[in-house]
Amino acid sequence: MSNQLSDRINSLTPSATLEMAAKARELRAAGKDIIGLSLGEPDFNTPDYIKEAAIRAINEDYNSYTPVDGYVELKNAIITKFKRDNGLTYEAPQIVVSTGAKQSLYNVAQSVLNKGDEVILPCPYWVSYADIVKLADGVPVEVPTSLENDFKMTPEQLEAAITPKTKMLWYSSPCNPSGSIYSKKELRALADVLQKYPDIVVVSDEIYEHINYGVTEHASMAEFADMYDRTVTVNGVAKAFAMTGWRIGYIGAPAYIARACNKLQGQVTSGANCIAQRAVITALEESPERIKYMVDEFKERRKLILGLLNEIDGFKCNEPEGAFYVYPDVTAYFGKTLNGVKINNASDFAMYLLEHANVATVTGDAFGNGNCIRISYAASVKEIEEAVKRIKASLS
Ligand SMILES: *Cc1c(COP(=O)(O)O)cnc(C)c1O
């Protein structure tokens, strides 16, 4: 029988970060000692007070189907969290809990986009944005940013990217992969441009909100009264609470968008996992101070890796203000031949590091910016030191 796959799935790009992780696993299975700095995943365990909430939930027999949009208690905890941390006021019908922030984003794209609608993505953007948009028949419109501007889109760039087909603007702040954070003032300047285009919906992905190193305070687009009614605030517990595998994300959104996401989810996955939801109630109700030890640790590692990378000729790093990635510009290596391998682009470079330094990183191409590679420092100090040592040796 010939290949019966849909055009949709054939045109989908596999997740580059997951692919790199799989390649690293393969090499490890073949006996190679690979240091994995490709995945965006904290190397901490879920804190005990959250695990205990999950164990309680099992013993209390939380095992039935959950409400499609999430347990009432969890939605209340989310409402309280939005108020406490972000100054945002949402009502229960505006909240939808999903199986990870990734599903939240997918729901929004499927709910809002029609065929040919354009979505502005400041580059670099999170690896899945473009494909989530394409799966909804939308058209990603990439807006390149530069190291000089800390990888942030200017109001002029936003204005220039808008066409009559523009339906949405998507960004993450703190940004995965660059670690950049839009200040409240910078968001206001983007909002000022959007005033002329009242039909554009904004997706503000704030999953790294708590992983902030204290340079720029976290701000949400929905804080502005004139943006609130058309902004979807996306968040989740995977990164800041070391809960990647628990799969809980959520949105605060205009009620009509939340209703649409709820309807979609009701036909596709139903409500998110019962035990994970009970655990997240505790995660969100407790003070963010309780997870600060992880942020402090990431901050130390950031300092370490930046110092080490800046010693390597040809690595140009920005100073990430949040998240746990560095996104060095490695264009200095393009066109060079290293150990007989011609480096034409960031993908070649990342592959070279995997094969010649035994370090897994991710090509910047996956994030819509081909000058850089992404290195995660959610790894132990020992791994970071050894990885950079190997990288340096492989390049000299
Ligand atoms: C990890 C990540 C997500 C997905 O989060 P999950 O809750 O694990 O689905 C979404 N956006 C960004 C920017 C991320 O880095």
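Which side chain has an N or O atom 2.6 Å from a nitrogen atom of the ligand? That is aspartate 205. Before I go on, note that this is a predicted model.

I'll stay with the ligand for a moment. Two of its other polar pairings involve oxygen. One ligand oxygen sits 2.8 Å from an N or O atom in the side chain of asparagine 176. At alanine 101 the partner is a polar backbone atom, and the distance from a ligand oxygen is 2.7 Å. On its own, the ligand would expose 380 Å², and the protein buries 94% of that.

The surrounding shell breaks down by class into five nonpolar, three polar and four charged residues. Gly100, Ala101 and Lys102 are among the residues around the ligand, and so are Trp126, Ser172 and Asn176. From further along the chain, the list includes Asp205, Ile207 and Tyr208, then Ala238, Lys239 and Arg247.

Next, helix α11. This helix covers residues 274–285, twelve residues in total. From the first C-alpha to the last, α11 reaches 17 Å, close to the 16 Å expected at 1.5 Å a residue. Is α11 largely enclosed or open? Eleven of its twelve residues are buried, so the rest of the structure largely encloses it. The buried set includes Arg278 and Gln277, alongside residues such as Ile275, Val280, Ile281 and Leu284. The cover over these buried residues includes two helices, α3 (48–59) and α4 (72–86), and two strands, β2 (95–98) and β8 (249–252).

The N-terminal end of α11 has a cap, asparagine 273. A side-chain oxygen of asparagine 273 lies 2.9 Å from the backbone nitrogen of isoleucine 275.

Last, a single residue: lysine 167, in strand β5, which spans residues 166–172. Is lysine 167 buried or partly exposed? Its relative accessibility is 23%, and buried means under 20%, so lysine 167 counts as partly exposed.

Leaving aside residues up to four places away in sequence, lysine 167 touches Val112, Leu113, Asn114, Asp117 and Glu118, and also Asp199, Ile200 and Val201. With one of these, aspartate 117, lysine 167 forms a side-chain to side-chain polar contact of 3.2 Å. For a sense of distance, take isoleucine 343: 176 residues separate it from lysine 167 in sequence, and the two C-alpha atoms are 38 Å apart in space.

That covers the ligand, the helix and the lysine.

Notes
Residues numbered from 1 in each chain as written. Predicted model: local features only at pLDDT ≥ 70, side-chain atom pairs only at ≥ 80, totals over all residues. Heavy atoms only, no water. Near = heavy atom within 4 Å. Polar contact = N/O pair within 3.5 Å; in protein donor to acceptor, adjacent residues only side chain to side chain. Areas by Shrake-Rupley, 256 points an atom, 1.4 Å probe, with all protein chains shown as cover. Nonpolar A, V, L, I, M, F, W, Y, C, P; charged D, E, K, R; others polar. Helix = DSSP H or I, 4+ residues; strand = E, 2+ residues; numbered from the N terminus. Expected span 1.5 Å × (residues − 1). Buried < 20%, exposed > 50% of the residue type's maximum accessible area, 1.4 Å probe, protein only. Contact = heavy atoms within 4.5 Å.
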